[in-house]
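Here is a short report for a reader new to this structure. Please look over the sequence and the 3D view before reading on.

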Protein chains: 4
Amino acid sequence: MNKRKIINDPVYGFITISSDLLFDLVEHPYFQRLRRIKQLGLADLVYPGALHTRFHHALGAMHLMSQALRALQERDHLIWEPELEAAQAAILLHDLGHGPFSHVLESVLLPGVEHESITLVMMKELNRQMDGRLDIAIQMFEGVYPRKFFHQMISSQLDMDRMDYLNRDSFYTGVIEGSIGADRLIKMLDISQDQLVVEEKGILSIENFLHARRLMYWQVYLHKTLLSAQAMLTEILRRARELSAQGENLFATPDFSRFLHNNFTLADFEENVDLLESFNNLDDNDVWASVKGWAKHHDEVLSTLCKSLLDRHLFKISFFKEMPEEEILKPLREKLLSQGLKESELSYFLITGETTNSAYEKEQDPIKVKMKNGTLLDIAAASDIPTIEALTKIVRKYYVCWGKNVSLRG
Amino acid sequence: MNKRKIINDPVYGFITISSDLLFDLVEHPYFQRLRRIKQLGLADLVYPGALHTRFHHALGAMHLMSQALRALQERDHLIWEPELEAAQAAILLHDLGHGPFSHVLESVLLPGVEHESITLVMMKELNRQMDGRLDIAIQMFEGVYPRKFFHQMISSQLDMDRMDYLNRDSFYTGVIEGSIGADRLIKMLDISQDQLVVEEKGILSIENFLHARRLMYWQVYLHKTLLSAQAMLTEILRRARELSAQGENLFATPDFSRFLHNNFTLADFEENVDLLESFNNLDDNDVWASVKGWAKHHDEVLSTLCKSLLDRHLFKISFFKEMPEEEILKPLREKLLSQGLKESELSYFLITGETTNSAYEKEQDPIKVKMKNGTLLDIAAASDIPTIEALTKIVRKYYVCWGKNVSLRG
Amino acid sequence: MNKRKIINDPVYGFITISSDLLFDLVEHPYFQRLRRIKQLGLADLVYPGALHTRFHHALGAMHLMSQALRALQERDHLIWEPELEAAQAAILLHDLGHGPFSHVLESVLLPGVEHESITLVMMKELNRQMDGRLDIAIQMFEGVYPRKFFHQMISSQLDMDRMDYLNRDSFYTGVIEGSIGADRLIKMLDISQDQLVVEEKGILSIENFLHARRLMYWQVYLHKTLLSAQAMLTEILRRARELSAQGENLFATPDFSRFLHNNFTLADFEENVDLLESFNNLDDNDVWASVKGWAKHHDEVLSTLCKSLLDRHLFKISFFKEMPEEEILKPLREKLLSQGLKESELSYFLITGETTNSAYEKEQDPIKVKMKNGTLLDIAAASDIPTIEALTKIVRKYYVCWGKNVSLRG
Amino acid sequence: MNKRKIINDPVYGFITISSDLLFDLVEHPYFQRLRRIKQLGLADLVYPGALHTRFHHALGAMHLMSQALRALQERDHLIWEPELEAAQAAILLHDLGHGPFSHVLESVLLPGVEHESITLVMMKELNRQMDGRLDIAIQMFEGVYPRKFFHQMISSQLDMDRMDYLNRDSFYTGVIEGSIGADRLIKMLDISQDQLVVEEKGILSIENFLHARRLMYWQVYLHKTLLSAQAMLTEILRRARELSAQGENLFATPDFSRFLHNNFTLADFEENVDLLESFNNLDDNDVWASVKGWAKHHDEVLSTLCKSLLDRHLFKISFFKEMPEEEILKPLREKLLSQGLKESELSYFLITGETTNSAYEKEQDPIKVKMKNGTLLDIAAASDIPTIEALTKIVRKYYVCWGKNVSLRG
């Protein structure tokens with residue numbers, strides 16, 4: 001191999017790119033774009049260190065995949081080199097279909113188009129360009145490769161994606177309590193009946209993993225301030241899109257403009273390589289540059305929202321256990337009107353929503369424990385620890401967020 | 001105090017904002033802008049973790065300042081609370097005048113205007129807005145405050161700026177050998193004859209500090225690949241500016257346009273608050289969004305350079321001990337012409353330069369050691385270790401960098 | 001102050017001895033002895049890094065005390081310098097009364113004498129030697145100092161003792177999942193109604209703390225292999241004591257001999273400074289040197305047990321949810337007899353016991369949370385998280401441990 | 001394999017014992033003894049965390065060996081599994097021949113017997129017990145195995161022994177500046193002309209390694225306080241041996257007594273398995289227990305020295321560039337006499353010695369760099385950095401150390 005490369009990583013020390021194929025994937029513009037997309041979107045407004053990119057996360061997940069498969073080989077499971085490479089390729093590419101500020105942007109500009117679907121379209125296009133070298137990787141990604149545990153390592157409760165992002169997000173936010181001890185977890189993995197399982201003595205490690213994940217949800221992913229900032233960016237994009245629809249000329253890079261002006265479906269991506277290229281040109285800079293440009297726009301709703309986000313004057317936000325009723329919303333609405341807002345503008349400055357810590361969960365795929373006698377049990381059954389149950393419980397919260405200090409024409 | 005705030009920092013754990021004034025400074029749009037300016041510019045093309053911002057660095061330097069002054073108080077040096085706050089304010093603001101991709105952008109768009117000077121203009125404007133609450137901080141920053149050691153803690157060989165950036169850059173690049181042990185260094189600081197000095201038993205720590213700094217220069221700040229990327233961005237901006245001068249309409253945010261079209265001097269900043277506002281609107285996103293927009297420009301020099309930088313197809317680069325002569329440059333020039341370049345375009349694709357590891361040094365301000373008998377010595381004299389001499393030596397290197405695989409109209 | 005000293009600590013970086021009194025305490029032979037007593041006794045047989053001493057732990061707890069009190073001062077609670085020093089002195093000395101292999105040795109050689117009581121006797125003797133300089137520290141330790149929260153910082157669910165030992169044990173065992181984030185916890189502490197409390201936004205941190213503590217219990221303090229080794233050492237000491245009582249001459253340091261031959265009560269310690277000196281001469285080396293000497297003793301029970309422990313041929317151990325009944329014990333007993341043991345020797349090679357994760361808990365002193373509205377709630381009530389309940393639950397386990405491969409006269 | 005085992009290590013996370021042979025070696029009493037021998041002898045008197053054992057160090061070196069050989073395999077060097085196991089076995093056992101407080105004890109009790117020689121005797125005895133399974137390992141250790149680079153990985157300037165101990169000593173002392181970045185170093189290793197070499201881009205890493213090593217010498221291994229404590233222990237053993245020779249009965253474990261009373265040569269070890277067993281029963285506890293016993297001996301020289309060491313009342317020590325002359329020693333001698341010492345006792349309380357940072361170096365085996373053009377150069381020649389020269393320089397220091405506050409019959 002002549003393209004061997006070692007990349008510095010504050011989290012794991014070093015990441016080795018171990019084959020020519022993997023090297024070529026990393027070099028491809030599709031993958032290089034991920035350098036310009038932050039993993040946690042707006043979270044640096046709360047945790048200033050949280051600037052790590054999907055590029056680094058994907059490399060980290062590839063590293064863990066290689067570590068985990070090597071550990072399985074040491075347990076005398078036969079894993080062929082082409083499988084090892086394919087599994088690394090699949091996890092490397094698993095986030096290609098993310099746009100900037102993923103959930104925010106997708107909800108406004110690409111409703112109904114899942115990022116996993118775009119990822120698959122892009123992987124297939126790459127495979128076409130690379131003459132089929134990604135065939136196995138795509139099978140693993142789609143879950144049709146005969147040995148099912150590979151798919152579980154790419155996408156399941158214990159996949160390398162999740163292990164890296166929890167680890168990495170904990171590291172860069174500085175929320176060290178969210179550290180999951182990926183090293184130890186990986187050493188506890190085994191394969192049984194073609195499934196990815198955890199050996200019995202790993203039960204405490206799994207409990208710790210679930211605990212850390214839960215903590216990261218409340219402390220980071222669903223942090224109040226972050227939800228408020230996301231709500232503001234959502235309203236900015238919604239307003240911009242409406243103004244565009246009304247024929248307003250808005251400052252934006254050409255490709256970002258294209259998405260502001262159209263409603264694309266997954267079929268459009270599949271039929272149109274050109275659209276894929278446009279999508280592939282989007283990154284965080286398009287959004288921030290537009291927000292900066294729009295901060296001077298004559299539409300006061302748009303410019304106020306943009307200026308507030310740039311200067312980090314974020315909306316106030318409150319959580320509720322139930323969807324907040326009129327008695328809570330009414331006084332806020334009146335307050336906003338008294339600050340100079342029009343009725344028609346209220347929806348941009350008074351936002352309700354709900355959130356749940358199951359956003360990233362797929363409970364249909366429970367964690368299996370291999371007991372010393374060889375039987376497989378669900379983690380909750382395998383443990384005599386009552387906390388497992390509590391840890392996996394989904395919590396739903398409702399929030400209201402409003403521009404307490406916004407003043408228009410006031 | 002009612003604005004006490006704690007910020008997570010992967011480097012130090014927590015940073016405390018310890019007074020209302022400091023809180024108000026952090027909240028100000030001048031300071032919030034630093035969230036969008038990466039400390040190391042293009043270095044993430046080499047070290048993907050190096051995405052930390054000047055915002056976080058400034059907070060970190062403030063933290064070290066507070067630690068260092070508390071340590072000096074424990075040594076029974078009298079330091080008043082207003083001095084403690086002022087020193088923290090000064091170090092917090094010391095980088096306000098940096099534009100995005102500092103040295104690159106300044107050399108093309110603001111030749112002759114030092115960022116320290118813009119910082120001072122901005123600090124004075126802030127002081128005006130805050131009714132003089134920054135008087136002492138500005139005196140310390142300018143070096144006119146009576147107790148000279150405060151200025152040395154803000155700007156000298158052992159200042160808190162440098163301690164934080166070496167520490168932080170080492171952390172985020174993953175070049176852990178560059179770690180300086182700021183904790184220990186700070187505990188070794190003392191004041192003697194109104195100067196910041198190091199106590200004798202800190203000599204090994206200083207040697208380690210100089211060693212780490214040197215290593216960071218060669219491993220990070222002057223890394224070949226980084227120099228190449230910086231050279232490319234410099235040529236991009238140079239070309240964009242020339243096209244603008246020729247009347248071409250180039251995609252750019254309004255404020256970035258203003259700097260592309262004009263040649264401002266320091267006097268312009270001092271006389272024109274409006275220009276300060278424009279400058280304060282510049283950040284990394286303006287540059288990247290423009291590079292992305294320009295990648296589709298019809299001028300092939302501009303679009304080729306931009307596309308190459310985005311896809312990380314960087315120029316090849318070689319170091320030389322002397323300025324490279326014609327026998328080295330001629331074949332490169334001929335090669336480039338054979339790839340389809342015109343004579344007039346050569347200068348964008350064949351770049352020579354020099355670099356030195358003294359870029360950030362100010363040797364006029366040597367590190368003083370307080371010997372056990374109370375005398376002050378220069379570190380080189382205080383140590384019987386021959387490496388100190390070697391470590392402080394300035395090394396100058398020359399480089400040639402060229403678009404080996406660039407092909408225009410080819 | 002002329003005795004200022006800084007001590008390196010892998011856990012916190014540096015520990016500062018901040019006053020002459022504290023320096024004199026550290027220098028005293030009572031405290032220096034703790035250098036030779038490992039914090040975790042035999043745990044290095046499971047975790048080879050777990051060699052840290054009570055000396056280092058006590059310094060670490062003093063460090064956290066100083067950090068925590070400084071943080072409370074920053075919250076505008078008035079804490080006098082003499083109080084700060086006294087609280088540090090009290091936590092520094094809180095483990096003086098521990099013998100080597102604390103729980104093992106005390107159960108056999110000093111039944112009924114609590115180590116806290118010996119600590120108090122030693123603190124009073126120190127106070128006598130130091131002309132009353134420890135008056136306040138002793139009041140705080142005993143819980144009679146008027147401001148009650150000082151005692152809580154020395155001994156409660158959230159005391160600095162526990163914070164340091166969890167942190168330190170996690171660090172040196174390498175069980176990093178047990179890390180508690182002491183930094184953040186300390187910043188969440190407050191005082192309300194003269195009690196140590198946690199502010200509302202610290203609830204997740206407390207949950208994390210309880211989780212880490214629970215994990216450390218199962219993973220470290222109650223690790224099967226460790227329990228087995230402790231049972232073996234207990235039997236060694238029991239046999240040695242019996243042989244001594246029968247007039248056998250056993251190799252031992254003079255002071256260790258004294259304890260092997262006598263049954264002392266707390267009153268003996270209080271009345272007899274000479275006994276205190278003997279106790280103060282005991283450390284891990286006495287026990288290990290004796291075990292090594294006894295490994296060659298002609299009594300086969302004693303020598304077999306000693307040789308097995310030295311070579312780490314540990315007894316097999318099994319956990320049970322209920323006290324194991326005859327049907328489990330009988331076959332083991334028969335097996336041992338078939339290996340050549342006499343009936344009278346069985347009790348040394350077949351040991352039952354029980355263990356609970358509440359060993360170190362004092363549930364009478366619940367953790368209080370100060371809600372935003374100022375009310376104080378128990379942590380379980382303050383949290384809407386069901387895991388708190390689960391985490392605080394006491395689990396009791398029973399074990400049988402036996403010399404599976406022991407062969408006497410076989 | 002059925003004996004696979006994972007051991008927690010705070011330094012590397014986990015260490016895997018990867019074969020049955022390695023497992024059996026770890027289980028052997030020869031190796032288990034290393035649990036009771038601290039790597040750094042008395043250094044915990046200066047750095048209280050420095051309690052790590054030769055047991056853990058040997059496991060760590062085995063881990064690095066495995067990492068390094070795997071990395072060489074990834075560079076397409078053919079390394080057979082039996083070679084991999086043998087190299088790990090050799091490094092695992094390389095320190096077997098160390099006694100407690102190695103250099104101190106050996107200089108007094110075993111003058112002229114090198115610990116490497118005892119190691120070899122023990123390896124051969126193990127090989128006999130294991131029916132030749134250590135044949136290759138012993139060849140590698142002795143340097144007669146055909147592929148020479150294996151021996152260099154066990155014993156040379158860049159061996160895994162040194163990499164682990166620098167790393168580990170830095171970690172446990174808390175002198176983090178001594179951290180060598182073993183991960184990166186290992187990735188820079190290559191084989192050329194059957195020699196262990198470093199690739200050209202690793203030059204900075206080597207420089208860093210040499211720098212760290214030098215720092216560890218002055219900061220740890222040759223720390224003044226440590227040298228003083230070692231001198232005291234040397235005098236204790238010397239006095240005990242003399243008293244033994246005079247027929248005094250001294251408290252000691254049987255095996256330690258044997259060494260106190262005899263002068264063994266290497267031949268004695270080779271001819272006498274029984275002596276090997278006695279040697280193998282020595283560990284730190286024998287020495288400490290004896291020092292504790294002797295602290296009550298009627299010989300005042302012995303008891304005073306022992307009591308001082310136990311209470312950490314260490315001799316004062318001064319460094320000199322030349323062997324100190326009479327004008328320095330005379331006043332010290334007179335002072336000691338005035339404190340009540342007899343002429344004949346002076347030599348125990350006034351000690352001169354010399355020390356050099358080359359103690360562990362073998363300059364006959366320079367570090368080779370493989371340049372990009374394939375040639376091999378010495379590191380000093382390969383680097384254009386003047387510090388390499390300075391770093392490798394041997395510095396010799398002389399010291400005087402004396403019992404400033406000792407008072408006999410005073």
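## Domains, symmetry and one helix

In this predicted model, the C-alpha centres of domain 1 and domain 2 of chain A are 29 Å apart. Domain 1 of chain A covers 5-222, and domain 2 of chain A covers 224-356.

The two domains touch. On one side, 27 residues of domain 1 of chain A make contact with 28 residues of domain 2 of chain A. Three elements of chain A each give two or more residues to the domain 1 side of this contact: α2 (29-32), α5 (102-109) and α6 (115-129). The table sorts that side by class.

| Class, domain 1 side (chain A) | Count |
|---|---|
| Nonpolar | 19 residues |
| Polar | 4 residues |
| Charged | 4 residues |

Next come the copies. Chain B superposes on chain A after a rotation of 180 degrees, with 0.0 Å of shift along the axis and an RMSD of 0.0 Å. That relation is the one of a two-fold axis. Both copies use the same surface: 100% of the contact residues of chain B recur in chain A. Which residue of chain B comes closest to the rotation axis? B:Asn285 does, with its C-alpha at 2.5 Å.

Now turn to chain C. Helix α3 of chain C runs over residues 54-74 and has 21 residues. From first C-alpha to last, α3(C) reaches 30 Å, close to the 30 Å expected at 1.5 Å a residue. Is α3(C) mostly covered or mostly uncovered? It is mostly covered, as 16 of the 21 residues of α3(C) are buried. Just after α3(C), C:Asp76 has a positive phi of about 70 degrees.

How values were computed: Residues are numbered from 1 along each chain as its sequence is written. Chains are lettered from A and ligands numbered from 1 in the order in which they are written. This is a predicted model: local features need pLDDT of at least 70, side-chain atom pairs count only at pLDDT 80 or more; totals for chains, interfaces and linings use all residues. Copies are superposed by least squares on the C-alpha atoms of residues with pLDDT of at least 70 in both. Two residues are in contact if their C-beta atoms, placed from the backbone, lie within 7 Å. Domain bounds come from an automatic or database domain assignment. Helices (H or I, at least four residues) and strands (E, at least two) are DSSP runs, numbered from the N terminus. Ala, Val, Leu, Ile, Met, Phe, Trp, Tyr, Cys and Pro count as nonpolar, Asp, Glu, Lys and Arg as charged, and the others, Gly among them, as polar. The expected span of a helix is 1.5 Å times one less than its number of residues. A residue is buried if 20 or more other C-beta atoms lie within 10 Å of its own, exposed if 12 or fewer, and partly exposed in between; C-beta atoms are placed from the backbone.
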